[in-house]
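Work through the exercises below with the sequence and the model open. Each task is followed by a solution in steps.

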There are 2 protein chains.
Amino acid sequence: MYSLAEENYLKAIYHLEQQTKGEVSTNAIAERMSTKPSSVTDMIRKLADKKLLSYKRYKGALLTSDGRKTAANVIRKHRLWEVFLVEKLNFHWDEVHEIAEQLEHIKSEELISRLDKFLGSPDFDPHGDPIPDKHGNVKRTEKKLLSELNKKQRGVCVGVKESSSDFLQYLDKKKITIGTKVTVLGKEFFDGSMVIQVGRDQFFISKKIAENLYVQTN
Amino acid sequence: MYSLAEENYLKAIYHLEQQTKGEVSTNAIAERMSTKPSSVTDMIRKLADKKLLSYKRYKGALLTSDGRKTAANVIRKHRLWEVFLVEKLNFHWDEVHEIAEQLEHIKSEELISRLDKFLGSPDFDPHGDPIPDKHGNVKRTEKKLLSELNKKQRGVCVGVKESSSDFLQYLDKKKITIGTKVTVLGKEFFDGSMVIQVGRDQFFISKKIAENLYVQTN
DNA sequence: CACAATATTTAGGGTTGTCTAAAAAAACAT
DNA sequence: ATGTTTTTTTAGACAACCCTAAATATTGTG
């Protein structure tokens, strides 16, 4: 059982590893966590003692498979709670992060297993990011912007890029939500506008809309 | 915003005040919290500084109305989460306490307001205890054991006293859950057994059953 | 390669919340 | 009412986690 601080460090390092592909620097961690490098040194040393990451002085940190699994589990919890907040409690996609930051630290395997089932075992959170499975494995299929699709391609809406109130209300009106299937019927190269099919409806969308909607294309 | 430890102390003192009707002793708090009296002295001093309780050396603690309200709010959150765990995630009534102890500290007014609505603004938790409203007021109508009711009396099931797996399964089978209306059709004084009506069904229950089911009789 | 700039670690300290052991106050009993 | 028992507080210390300032290692540049 790891402390709140430990879990947050693991999560931060996990995310940083995906960007930097290699050791994560003390400074990078400090910046991401809004803390000081000296605090980071203390903590990564502690996490190294616990075999959650490997660390050599001045060389940065690299998660062990234990550490990676633990981090992925915290992220799994975070994203499942985000789905809960949006789908069940009708929060907007951009209001849930802070609350999920707290909920992700609740300790109970059983709780998460039941929550997952209750939510229908979703694969993506409301921002379109994949939810790791209980073993810490992530479906690493890239999410794309709807604007990257071409005529006749099909995608499942997995999240939004921007999440202004206006945009979310627009999506509501058009009945586009997570899991909605979208087909591109036409694409105008001049202005990037599209005609898409959503359920039985067909309608026109501007480039701006298409550039702010993430889809998954298997 | 209060710390986890502070909230737990307030909660414990709130509960103890209801039993002792008056100042709560250092030792009583220590025992309830499985901690040492010296730690309690430290903390109640701190809470007194924050005007959450009044404290005079060697005289014990008494919550201020601020402190009482804060405590009631933590208890509100605890009980709402318990309802969620039982009603939505299908936990048994006796499995939820520990998880709710964690969830009760999540900070977000909006979350609780939405959770409350999602659950249908319940008045009681799965153990039959009343859920304080958002102002910290508690419906102080006593819950009774079903066995205390007499012929023709009616009650709403609000919780269980014992919560063994066998008993919960029995209740399941008889379709008795929180909110179920129960009418006493007959009561045998010799052995305390009863005939009750639940929905359209009428059936016999033993004294043992009747003594483990809490009801609310407005 | 040497020196400046940058990154990282070390040293020493602060806060929160806990503990043990000892001192002080209150309650109890004869 | 006086001595004993119990309760409560004080004193001093510790662990987790964070900080600042100073020292040290690494990197980049001419």
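Domain bounds, as used here, come from an automatic or database domain assignment. This is a predicted model, in which local features need pLDDT of at least 70, side-chain atom pairs count only at pLDDT 80 or more, and totals for chains, interfaces and linings use all residues. Residues are numbered from 1 along each chain as its sequence is written, chains are lettered from A and ligands numbered from 1 in the order in which they are written, and side-chain values use heavy atoms, with hydrogens and water left out.

**Exercise 1.** State which domains chain A is assigned and how far apart their centres lie.

Solution. Step one: the assignment for chain A lists domain 1 (4–63) and domain 2 (143–216). Step two: taken over C-alpha atoms, the centres of these two domains of chain A are separated by 38 Å.

**Exercise 2.** Describe the protein surface near DNA strand C.

Solution. Step one: a residue is near a strand if one of its heavy atoms lies within 4 Å of it. There are 20 residues around DNA strand C, and Arg45(A), Tyr55(A), Ser3(B), Thr35(B) and Lys46(B) come nearest.

Step two: helices are DSSP runs (H or I, at least four residues), numbered from the N terminus. At least two residues of this surface come from each of H2 (26–32) and H3 (37–49) of chain A, and from each of H1 (4–20) and H3 (37–49) of chain B.

Step three: sort by class, with Ala, Val, Leu, Ile, Met, Phe, Trp, Tyr, Cys and Pro as nonpolar, Asp, Glu, Lys and Arg as charged, and the others, Gly among them, as polar. The surface near DNA strand C then holds six nonpolar, nine polar and five charged residues.

**Exercise 3.** Which parts of DNA strand C do Tyr55(A), Ser3(B) and Ser38(B) approach?

Solution. Step one: a polar side-chain atom of Tyr55(A) is 2.4 Å from a phosphate oxygen of DNA strand C. Step two: for Ser3(B), a side-chain N or O atom lies 2.5 Å from a phosphate oxygen of that strand. Step three: Ser38(B) has a side-chain N or O atom 2.9 Å from a base oxygen of DNA strand C. Step four: of the strand C atoms within 4 Å of the protein, 76% belong to sugar or phosphate and the rest to bases.

**Exercise 4.** Find which helix gives the largest share of the surface near DNA strand D.

Solution. Step one: 21 residues surround DNA strand D, including Ser3(A) and Tyr55(B). Step two: H3(A) supplies the largest share, five residues.

How values were computed: A polar contact is a pair of N or O atoms within 3.5 Å; within protein, one must be able to donate a hydrogen and the other to accept it, and residues adjacent in sequence count only if both atoms are side-chain atoms.
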